[in-house]
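Visitor: Please show me the model. I want each label set against its rule.

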Amino acid sequence: MSLRHKTELIIGTQDGVNVSFNTSATYVPTTVFVYQDGQMQAKDVVTETGGTGFDLAVAPESDENWQVRYIAVIP
């Protein structure tokens, strides 16, 4: 097993209602940070739900660019 930093678009429906999203790989707890239109958001915007899941305190709109940066567990 190894670890590496990953940055990617959030995985999930951006419709102004949905707040639950995923990463493409399992993350190390406490390493998930999100960026809205290139600006890092406060840590309290993200609630890690474990594995690849996380919730946001705001529901992203379809025209917004949300990315997630985390440390991935690579088997």
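Guide: We start at strand β3 (residues 33-36), which is joined to β7 by 4 bridges, the two running antiparallel. This is a predicted model: local features need pLDDT of at least 70, side-chain atom pairs count only at pLDDT 80 or more, and totals for chains, interfaces and linings use all residues. Residues are numbered from 1 along each chain as its sequence is written, and side-chain values use heavy atoms, with hydrogens and water left out.

Visitor: What makes β3 and β7 a pair?

Guide: Two strands pair if DSSP finds at least two bridges between them. β3 and β7 have 4 bridges, so they pair. Strands themselves are DSSP runs (E, at least two residues), numbered from the N terminus; helices would be H or I runs of at least four.

Visitor: Which residues stand opposite each other in β3 and β7?

Guide: Phe33 stands opposite Arg69 in β7. Val34 has Val68 as its bridge partner there.

Visitor: How do you know that β3 also pairs with β4?

Guide: The count is 2 bridges, and the rule asks for at least two, so β3 and β4 pair. They run antiparallel. Tyr35 stands opposite Met40 in β4. β3 and β4 form a hairpin with 2 residues between them, and Asp37 in the turn has a positive phi of about 50 degrees.

Visitor: What is the strand order in the sheet?

Guide: The open sheet has 4 strands, ordered β1-β7-β3-β4, with antiparallel pairing.

Visitor: Why are β1 and β4 said to stand at the edges?

Guide: β1 (2-9) and β4 (39-40) each have a single partner strand, so one side of each lacks a neighbour in the sheet.

Visitor: What makes a set of residues a nonpolar core?

Guide: Its members are buried Ala, Val, Leu, Ile, Met, Phe, Trp, Tyr and Cys residues joined through side-chain atoms within 4.5 Å. The largest one here has 14 residues. Those touching the most other members are Ile10, Val32, Val34, Phe54, Leu56, Val68 and Tyr70. β6 (53-56) and β7 (66-74) each supply at least two residues of this core. β7 gives the most, with 4 residues.

Visitor: Which residues does Val34 contact?

Guide: Contact means heavy atoms within 4.5 Å. Leaving aside neighbours within four places in sequence, the partners of Val34 include Phe54, Leu56, Trp66 and Val68.

Visitor: Why is the link between Lys6 and Glu8 called a salt bridge?

Guide: The rule wants a side-chain nitrogen of Lys or Arg within 4 Å of a carboxyl oxygen of Asp or Glu. Lys6 and Glu8 meet at 3.7 Å, N to O, so the pair qualifies. Glu48 and Lys43 qualify too, at 3.5 Å, N to O. By this rule the count comes to 2 salt bridges.

Visitor: Are the residues of these salt bridges buried or exposed?

Guide: Buried means under 20% relative accessible area, exposed over 50%, partly exposed in between (1.4 Å probe, protein chains only). Lys6 and Glu8 are buried. Glu48 has 26%, so it counts as partly exposed. Lys43 has 36%, so Lys43 is partly exposed.

Visitor: What makes the link between Ser20 and Asp55 a polar contact?

Guide: A polar contact is a pair of N or O atoms within 3.5 Å; within protein, one must be able to donate a hydrogen and the other to accept it, and residues adjacent in sequence count only if both atoms are side-chain atoms. The side chains of Ser20 and Asp55 are joined at 2.9 Å, so the distance meets the cut-off.
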